[in-house]
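Colleague: I would like a close look at one part of this model. Please pick a single strand and walk me through its surroundings.

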Amino acid sequence: MTPNEKIQALRQMMQAEGWGAVVISGTDPHSSEYLPKRWQVRQWVSGFTGSAGTVVVTADQAGLWTDSRYFLQAADQISGTDFVLMKDKVEGTPSIAQWLGEVLPKGATVAVDGWVNTVTAVEDLKAELAAFGLTLRTDLEPYAQIWTERTALPTDEIFIQPMELAGESASSKIGRIRAKAKECGAEAVLVSMLDEVAWTLNLRGSDIDYNPVFVSHLLITADSAPLYINPAKVNAEVAEYLKAEGVGIQPYADIESALRTLRCAVLAQPDKTNYAAYSCIANPVAKDCP
């Protein structure tokens with residue numbers, strides 16, 4: 001499919017669902033700047049391959065917002081498509097919310113995927129749209145139905161960082177995190193940033209080019225520390241290592257049900273945690289508590 005064909009497919013779904021616009025940010029469930037192929041949705045829709053940018057599609061217009069690092073690249077890559085380059089933070093360029101306020105009628109619905117936008121980003125956009133009489137929906141994945149060849153979760157095996165390089169055991173780090181969470185009034189911690197998971201567990205991976213990280217969530221409670229990951233990535237050696245460090249292994253998708261069943265206070269940072277995961281937490285503690 002060409003970018004214009006993808007736009008048309010998206011618009012057909014928008015019309016069926018009653019959405020006035022869809023906003024597709026270049027992010028993943030872990031606030032990564034560089035993404036695993038599964039979440040390169042903005043690139044798939046628009047053809048723009050830069051590390052920063054947001055696509056917005058309405059019933060009759062489509063824009064790509066990006067910063068000055070990518071003006072020339074973006075103009076070249078979206079040439080011949082319906083996308084219009086919006087030079088972010090340049091005088092005269094409206095913000096996404098301002099632009100939607102101009103082109104959409106009051107009462108229209110704007111859709112985003114809550115799994116790939118942080119709490120902070122969603123709340124900010126919601127407030128900005130409300131000023132123009134627009135509402136925001138987050139409980140959908142607007143591209144899932146049209147990207148029929150979407151890449152699956154990565155399966156490359158993770159590996160152990162040697163102690164001489166790590167400097168501290170995973171179990172020791174987990175213990176320190178538990179103690180800090182308690183100081184912050186929480187009994188559990190959701191760790192979703194991929195570099196933070198890798199550091200905590202002294203593990204490395206290859207799910208993102210040039211970044212030694214792996215797709216996962218780590219949920220540290222008072223008496224457990226399950227790692228939510230594609231089990232195919234964990235070989236026998238790593239599984240034995242994790243068990244010795246007090247870390248269990250659970251399927252990646254099970255993080256949602258795990259968060260919904262927790263009744264204790266859970267520390268989760270709004271600027272690092274995706275909105276959908278955060279919304280599953282009954283008693284969130286939103287603190288920047290290093």
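Modeller: What follows is a close look at strand E3 and its partners, then the aromatic pairs and one helix for contrast. Keep in mind that this is a predicted model.

Start with the strand itself. E3 covers residues 62-66, and five of its five residues are buried. Neither face is open. Ala62, Leu64 and Thr66 are buried on one side, and Gly63 and Trp65 are buried on the other.

Now the neighbours. Strand E2, residues 54-58, runs antiparallel to E3, and four bridges join the two. Within that pairing, Val55 has Leu64 as its bridge partner. The connection is a hairpin, with three residues between E2 and E3.

Strand E4, residues 83-87, also pairs with E3. Here the sense is parallel, and there are five bridges. Trp65 of E3 has Met86 of E4 as its bridge partner. Helix H3, residues 71-77, completes the picture: E3, H3 and E4 make a right-handed β-α-β unit.

Next, the aromatic rings. Four aromatic pairs turn up in a search of the whole structure. One of them joins Trp44 and Trp147. Their ring centres are 5.2 Å apart and their planes meet at 15 degrees; planes under 30 degrees apart count as stacked, so this pair is stacked. Trp44 sits in helix H2, while Trp147 is in the loop between strands E6 and E7, so the pair ties together parts 103 residues apart in sequence. Trp44 and Trp147 are both buried.

A second pair brings us back to E3. Trp65 and Trp99 meet edge-to-face, at 5.3 Å centre to centre and 70 degrees between the planes. Trp65 belongs to E3 and Trp99 to helix H4, residues 96-103; they are 34 residues apart. Both Trp65 and Trp99 are buried.

For contrast, take helix H7, residues 170-183. The 14 residues of H7 reach 20 Å from first C-alpha to last, close to the 20 Å expected. Its buried residues are Ala170, Lys173, Ile174, Ile177 and Ala181. Viewed down the axis of H7, the buried residues fall within an arc of 100 degrees, so they line one face of the helix. On the other side, Lys182 and Glu183 are exposed.

What does the buried face of H7 pack against? Its buried residues pack against helices H6, H8 and H9, and against strands E8, E10 and E13. After H7 comes Gly185, with a positive phi near 85 degrees.

So the two elements differ in how they are covered: E3 is covered on both faces, whereas H7 has its buried residues along one face.

How values were computed: Residues are numbered from 1 along each chain as its sequence is written. This is a predicted model: local features need pLDDT of at least 70, side-chain atom pairs count only at pLDDT 80 or more; totals for chains, interfaces and linings use all residues. Side-chain values use heavy atoms; hydrogens and water are left out. Buried means under 20% relative accessible area, exposed over 50%, partly exposed in between (1.4 Å probe, protein chains only). Two strands pair if DSSP finds at least two bridges between them. A crossover is right-handed if, with the strands pointing away from the viewer, the path from the first strand over the helix to the second runs clockwise. The expected span of a helix is 1.5 Å times one less than its number of residues. The arc is that of the directions from the helix axis to the C-beta atoms. Contact means heavy atoms within 4.5 Å. Rings of Phe, Tyr and Trp (its six-membered ring) pair if their centres lie within 6.5 Å; planes under 30 degrees apart count as stacked, over 60 as edge-to-face and the rest as tilted.
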